[in-house]
Amino acid sequence: MTDDLAARVRETLRSIPDFPQPGILFRDITPLLTSSGLLPRVVAWLAEQCTQRRADRIACIESRGFLFGAPLAERLNLPLALIRKPGKLPHRTIRQDYALEYGSDALEMHADACAPGDRVVLIDDVLATGGTANAACELIEKLDAEVAAVLFVLELGELDGRALLHNRPCRSLTEV
């Protein structure tokens with residue numbers, strides 16, 4: 001089933017050259033959302049991964065990670081922690097700065113989003129260079145929670161984003 005699902009997800013991808021800047025080939029996952037029946041199958045695959053890893057909580061990264069994290073948390077009846085760009089969360093937050101190819105960025109999450117000892121599965125749509133996912137993992141770990149797994153729908157293998165995840169358990173549904 002996973003091979004069939006992975007192939008179907010790859011078939012729905014759109015490649016957009018020179019977005020968001022010249023020289024970048026953007027992999028657009030939004031057609032997956034309009035493909036009849038595909039999103040529930042992807043969420044089912046994510047749920048299977050979370051169950052295998054005995055997740056206590058789901059965390060997801062703004063904004064496309066929310067599209068997968070919210071239905072996943074609902075399906076598994078687990079709490080959901082949101083990881084967002086600075087200034088977007090209303091309560092007391094913790095922050096993690098991280099380097100980009102040209103500059104820096106930051107992520108935040110509520111300071112009470114995870115409890116010490118929680119087994120948290122982090123969800124995002126695409127693993128590219130790994131900087132955002134690693135920063136999100138560091139936020140979870142700042143709260144003394146464990147990153148039980150980092151799950152992606154799509155991995156851009158040539159960018160080797162796994163290297164920045166420092167041997168945290170990582171799985172992608174498909175790779176291009």
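**Sheet architecture**

In this predicted model, 5 strands make up an open sheet with parallel pairing, arranged in the order S4-S3-S7-S8-S9. The edge positions belong to strand S4 (80-83) and strand S9 (170-175); each has a single partner strand, so one side of each is left without a neighbour in the sheet. From one strand to the next, the twist averages 20°.

Strands of a sheet pair through backbone hydrogen bonds, either parallel or antiparallel. Strand S8 (residues 146-155) runs parallel to S9 and is joined to S9 by 5 bridges. Within this part of the sheet, leucine 154 stands opposite threonine 174 in S9.

**Helix packing**

Helix H5 (residues 131-142) packs on the sheet. The strands that H5 touches are S3 (57-61), S4, S7 (119-127) and S8. The direction of H5 makes about 160° with that of S8.

**Cysteines**

The count of disulfides is 0. Cysteine 50 is in no disulfide, and the nearest cysteine sulfur, that of cysteine 60, is 11 Å away. Cysteine 50 is also buried, with a relative accessible area of 1%.

Why is the sulfur of cysteine 137 without a bond to the closest cysteine sulfur? The closest one, in cysteine 170, is 8.5 Å away, which is too far for a bond, because a disulfide requires the two sulfur atoms to lie within 2.5 Å. Cysteine 137 has a relative accessible area of 0% and is therefore buried.

Notes
Residues are numbered from 1 along each chain as its sequence is written. This is a predicted model: local features need pLDDT of at least 70, side-chain atom pairs count only at pLDDT 80 or more; totals for chains, interfaces and linings use all residues. Side-chain values use heavy atoms; hydrogens and water are left out. Buried means under 20% relative accessible area, exposed over 50%, partly exposed in between (1.4 Å probe, protein chains only). Two strands pair if DSSP finds at least two bridges between them. Helices (H or I, at least four residues) and strands (E, at least two) are DSSP runs, numbered from the N terminus. Axes are lines fitted to C-alpha atoms, for helices over the stretch in contact, and angles run from 0 to 180 degrees between N-to-C directions. Contact means heavy atoms within 4.5 Å.
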